[in-house]
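The following account considers how side chains meet one another in a protein model. Please keep the sequence and the coordinates at hand while reading.

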Amino acid sequence: MNLPDIGIHLPITDPTWIFFLVLMIILFAPIVLGRLRIPHIIGMILAGVVIGKYGFNILERDSSFELFGKVGIYYIMFLAGLEMDLENLKKNLLKALAFGVLTFCIPFAMGMWVGMNVLGFGVGASMLLSSIFASHTLVAYPIVGRYGMTRHASVSISIGGTMFALTVALFILAGISGMYRGELDSGSWIWFIGKCVGYCVFVFLVFPRFARWFFRTYEDNVMQYIFVLALVFLSAALAELAGMEGIFGAFLAGLVLNRLIPHVSPLMNRTEFVGNALFIPYFLIGVGMLINLGALFHGGETIKVVLVMVIVATVSKWIAAWLTQLVYRMSKASRQMLFGLSNAHAAGALAMVMVGTKIELEPGVFLMNEDMLNGVVIMILFSCIISSVVTEHAARTMALAEENGEMDMARGKEDERMMVSIANPETVEPLVNMALMMRDPKSKKELLAVTVEVEYDEAKKQAKLAQRRKSLEQAARIASAVDVPMKTRCRLSTNAATGILNTASEMNASEIILGLHHKHGLLDSFLGSFAQSILKGTHRQMMVVKCLIPVNTMRRIMVAVPPKAEYESGFYKWVERLARIGGQLGCRVHFWAHPDTLQRISGYMNRFHGSVRVEFSPMDDWDDLLLISSKVAFDHLMVIVCARKGAISYQPSFEELPNQITKYFSNNSLMLIYPDQLGDPLENFTFSSPRSQAENRLYDQVSKWVYKWMKKGDEQG
């Protein structure tokens, strides 16, 4: 019996079957290799080797692999810029530059010596080979993202060093290409540098303003994602027009959009999901299809070239990482992260070797021969494997160390369960987004969302209940878009405030987030009877929020803090929440408070949130709110820390706060914070009727005496 010859049907050219097989690889490679504890990235590359023309020739590397592959490498570089902690990078800028110099110069020097003395290449070929050794690609970056280590200092240093090494290597590549084509002169260099500078200035000045306007104008999720992707490819295309590689433009797009796409946001989640699910695996499979392992058995010269390339590329990158660790006294895991991220060669190496194969020295003789081409491609395979294994080990070690070190109760992480009260469908998205910004990203607790219906008319009740359930479903969708669980409850009650308080007690909510009550644009009885009733009925932290613009487009947070706020039991909790918002948005947090209060806030921020940009301004008198109002812009969030009556930081001038807010901050996004109080709700011992002016003065004087007495005791120990 003759078996059918399936070889006549290979390689498969039907688009449906091609896409199906690629999806099967993306699906099963992590499952199979996960059991063997092998990084998924290696599986994608090896799968590409097997199905490519140098393997079993199952699929042909057609235009789809080139298209999706280019999108994939752009995605890797874009995510690297988008997820980078910019403040961390600023603090480690010198380290990043030092590592960039070392990770470029050491491989370049070793490559020049080996190329000319061991492999017998000429000066031009040796320089091109050295540039390939010196540059690298962040192929293992998705591993870092999976372990949540994208904002670690060593990752920022690695990314900064990557961009430095890649930029210098591309400049050398342009010089080599121009030299052999007879285009290398001072005028061409000036024009090239001018185009690069003009491109960078255009991206940094135009892209953020355009993106901020778009996000404020269009809130549709699909439109925002397509807009972001369009900016990435526009930046990459402009970079290529300027004479640079598109991967540099994709990285730059990530940097300029960094502060407009918070790390915990539906848009960030969608961006990462699409890239990690499709485009990045497509790129890795396409790289594997280029690798010809059979070249190792064609002759001794090819084996020699491959061994030399793999050894020099690996050892030189390790030496650069080791010297950086030695100079800056970094940990072993940090050294491994530096080496792991900087060892992989892919996009940059492929671009350079392709240029080398097109530069003709004489008829039929090219700058890079077939042995060098095969050596570089096989080096890409080994470097990606080494990079993936080392990065996985380093990221796992860092994640375990970070988890073991998070045992500080002062950071306001006690059984954190935020509850969002939803009354108006228009405020669902800003309230939930604000809760996501304030939530601990490592917390396993779900968010809570509750709405209360008090309609007595049975005919109208069902319609209103259906509307409120839709609002809860919308809140749950927003939370699920960032993989945050949310528990929702629609409650019937004779009183809305009572329903909220009972739900908060039953669900053990740590804080309550409300939308700001307003009537005809003016605050009605400070917060409105609903919020006032909740405030009197709970001692837990309450935040009342009004957002006039999308949360991710806010550029600064202005915080007004009353004197003696540091003596409140919930002081560090609200500081922690604001620090998280500032960290997620990448914006500056400006505190206005008494010097003693500022000292406490500064110490906390330096200890736990050193990467958040903060400013401090003294404010001795609460009447200085007028001074703050002149510095608050439309795209700022004005935060006013208040206090319940009877609290140590309560100010009699709080009675005038509604008029001040209406007069000075009616056109600003606003947040009012009422911190935690110890014990039972304070309504049990506050005045039930307004105090007279004489009583207010007496109360203020007594408060000052108590404050001085507590401060003196605090200073004495």
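The paragraphs below take up charged pairs, aromatic rings, the nonpolar surface and the cysteines in turn.

The model is predicted, and local features are described only where pLDDT is at least 70. Charged side chains make a convenient starting point. The count of salt bridges comes to 18. One of these joins Glu392 to Arg396, with the closest N and O atoms 3.6 Å apart. Both residues belong to helix α16, which spans residues 370–404, and because they are four residues apart there, about one helical turn separates them. The two partners can also be placed by their accessibility: Glu392 is buried, at a relative accessible area of 11%, whereas Arg396 is partly exposed, at 37%.

A second salt bridge links the side chains of Asp635 and Arg555, with an N to O distance of 2.5 Å. Here the partners come from separate loops: Asp635 lies between α23 (625–629) and β11 (636–641), and Arg555 lies between β7 (541–546) and β8 (556–560), so the contact ties together parts that are 80 residues apart in sequence. Asp635 counts as buried, with 9% relative accessibility, while Arg555 is partly exposed, with a relative accessible area of 41%.

A third pair is formed by Lys645 and Glu655, whose side chains meet in a salt bridge at 3.7 Å, N to O. Both lie in the loop between β11 and α24 (657–664), so this bridge ties together parts that are 10 residues apart in sequence. Lys645 is partly exposed, at a relative accessible area of 31%, and Glu655 is likewise partly exposed, at 41% relative accessibility. Beyond such individual pairs, shared partners join Glu416, Glu511, Glu576, Arg577 and Arg580 into one network of salt bridges.

The aromatic residues come next. The structure holds 25 aromatic pairs. In one of them, the rings of Phe202 and Phe207 have centres 6.1 Å apart and planes at 75 degrees; the pair is therefore edge-to-face. Phe202 counts as partly exposed, with 38% relative accessibility, but Phe207 is buried, with a relative accessible area of 2%.

Another pair brings together Phe571 and Trp574, whose ring centres are 5.4 Å apart; because their planes stand at 90 degrees, this pair is edge-to-face. Phe571 and Trp574 both lie in helix α21 (residues 571–585), where they are three residues apart, about one turn of the helix. Phe571 counts as buried, at 1% relative accessibility, and Trp574 is buried as well, at 1%.

Aromatic residues also gather in a group: Phe19, Phe65, Phe68, Tyr75, Phe279 and Tyr282 form one aromatic cluster. A ring can further take part in a contact with a charge, as at Tyr567, where the charged end of Arg600 sits over the ring, 6.0 Å from its centre.

Attention may now turn to the surface. Which residues make the nonpolar surface patch of about 880 Å²? The patch is made by Ile193, Val197, Val201, Phe202, Leu205, Val206, Phe210, Trp213, Tyr218 and Met223. Helix α9, residues 186–217, gives the most to this patch, with eight residues. Ile193 is found in helix α9 and counts as partly exposed, at 42% relative accessibility. Phe202, already met as the partner of Phe207 in an edge-to-face pair, also belongs to the patch.

The cysteines complete the account. How many disulfides does the count come to? The count comes to zero disulfides. A disulfide is a covalent bond between the sulfur atoms of two cysteines. For Cys196, the closest cysteine sulfur is that of Cys200, 6.8 Å away, which is too far for a bond; the cut-off for a disulfide is 2.5 Å between the sulfur atoms. Cys196 counts as buried, at 7% relative accessibility, whereas Cys490 is partly exposed, with a relative accessible area of 26%.

Notes
Residues are numbered from 1 along each chain as its sequence is written. Side-chain values use heavy atoms; hydrogens and water are left out. A salt bridge is a side-chain nitrogen of Lys or Arg within 4 Å of a carboxyl oxygen of Asp or Glu. Helices (H or I, at least four residues) and strands (E, at least two) are DSSP runs, numbered from the N terminus. Buried means under 20% relative accessible area, exposed over 50%, partly exposed in between (1.4 Å probe, protein chains only). Rings of Phe, Tyr and Trp (its six-membered ring) pair if their centres lie within 6.5 Å; planes under 30 degrees apart count as stacked, over 60 as edge-to-face and the rest as tilted. A charge sits over a ring if NZ of Lys or CZ of Arg is within 6 Å of the ring centre and within 35 degrees of the ring normal. Patches are made of residues with over 30% relative accessible area and no salt bridge: like charges are joined within 9 Å, nonpolar side chains (Val, Leu, Ile, Met, Phe, Trp, Tyr) within 5 Å. Accessible areas come from the Shrake-Rupley method with a 1.4 Å probe; for residues, only the protein chains shown count as cover.
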